[in-house]
Amino acid sequence: MSNQTSTSTILVSNTSYLVGAEIVAKGSRLFSIMAMAVYFTPTEYGAVMLALTIHEVLRLLLRSGAGVQIIRASDEALPLFLGNGLLIQWLLCSLLCLIQIVIGWSAQ
């Protein structure tokens, strides 16, 4: 019974640390977004928000299993995973670059 109580206490403690860290992270991100909105022009702010959005999407994709697949990949499969990741990153960055060029060109 003592071991179960100890495990439960550790679980609650670790969970509260994780939740607290997420709250602090979200709060600091919200503060940063509000500060950027005050100091940046609308174009600069839009570019920064686009970068933050892409960062969040990539973080979500990595948390949903892509990172785990890369870690667990065999030596033979690893080059295939890395090649796919490199291709996806180049396509995504090229697409974002083209979108920004078109938006900037049309805004002039």
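**Exercise 1. Which helix does Val 38 lie in, and is Val 38 buried or exposed?**

Keep in mind as you work that this is a predicted model.

Step 1: Look for Val 38 in helix H1, which covers residues 2–39.
Step 2: Check the relative accessible area of Val 38, which is 61%. Exposed means over 50%, so Val 38 counts as exposed.
Step 3: Now look at what surrounds that spot. Val 38, Tyr 39 and Phe 40 together make a nonpolar surface patch of about 380 Å².

**Exercise 2. Work out how many disulfides the structure holds, and why Cys 93 is not in one.**

Step 1: Go straight to the count: there are zero disulfides here.
Step 2: Find the closest cysteine sulfur to that of Cys 93. It belongs to Cys 97, and the gap is 9.0 Å.
Step 3: Bring in the cut-off. A disulfide needs two cysteine sulfur atoms within 2.5 Å, so at 9.0 Å the sulfurs of Cys 93 and Cys 97 are too far apart for a bond.
Step 4: Try it from the other end. Cys 97 has the sulfur of Cys 93 as its nearest cysteine sulfur, 9.0 Å away, and Cys 97 is in no disulfide.
Step 5: Add the exposure. Cys 93 is partly exposed at 41% relative accessibility, and Cys 97 is partly exposed with a relative accessible area of 41%.

**Exercise 3. Find out which residues line the second largest pocket, and which helix gives the largest share of the lining.**

Step 1: Start with the volume of this pocket, about 180 Å³.
Step 2: Pick out the lining residues: Pro 42, Thr 43, Gly 46, Ala 47, Leu 50, Gln 100, Ile 103, Gly 104 and Ala 107.
Step 3: Match them to elements. Helix H2 (42–72) and helix H3 (78–107) are the ones that give two or more residues to the lining.
Step 4: Settle the share: H2 supplies the largest part, with five residues.

**Exercise 4. Place Leu 92 in its helix and describe its exposure.**

Step 1: Leu 92 sits in helix H3.
Step 2: Its relative accessibility is 27%, so Leu 92 counts as partly exposed.
Step 3: Compare positions with Ile 54. The two residues are 38 residues apart along the chain, while 9.3 Å separates their C-alpha atoms.

Technical notes
Residues numbered from 1 in each chain as written. Predicted model: local features only at pLDDT ≥ 70, side-chain atom pairs only at ≥ 80, totals over all residues. Heavy atoms only, no water. Buried < 20%, exposed > 50% of the residue type's maximum accessible area, 1.4 Å probe, protein only. Patch = residues over 30% accessible without salt bridge, like charges linked within 9 Å, V, L, I, M, F, W, Y side chains within 5 Å. Areas by Shrake-Rupley, 256 points an atom, 1.4 Å probe, with all protein chains shown as cover. Salt bridge = Lys/Arg side-chain N within 4 Å of Asp/Glu carboxyl O. Helix = DSSP H or I, 4+ residues; strand = E, 2+ residues; numbered from the N terminus. 1 Å grid on protein atoms, 1.4 Å probe; cavity = no way out; pocket = protein on both sides within 12 Å on 5 of 7 lines; lining within 4 Å. Points joined across faces, edges and corners; volume = space filled by probe spheres on them.
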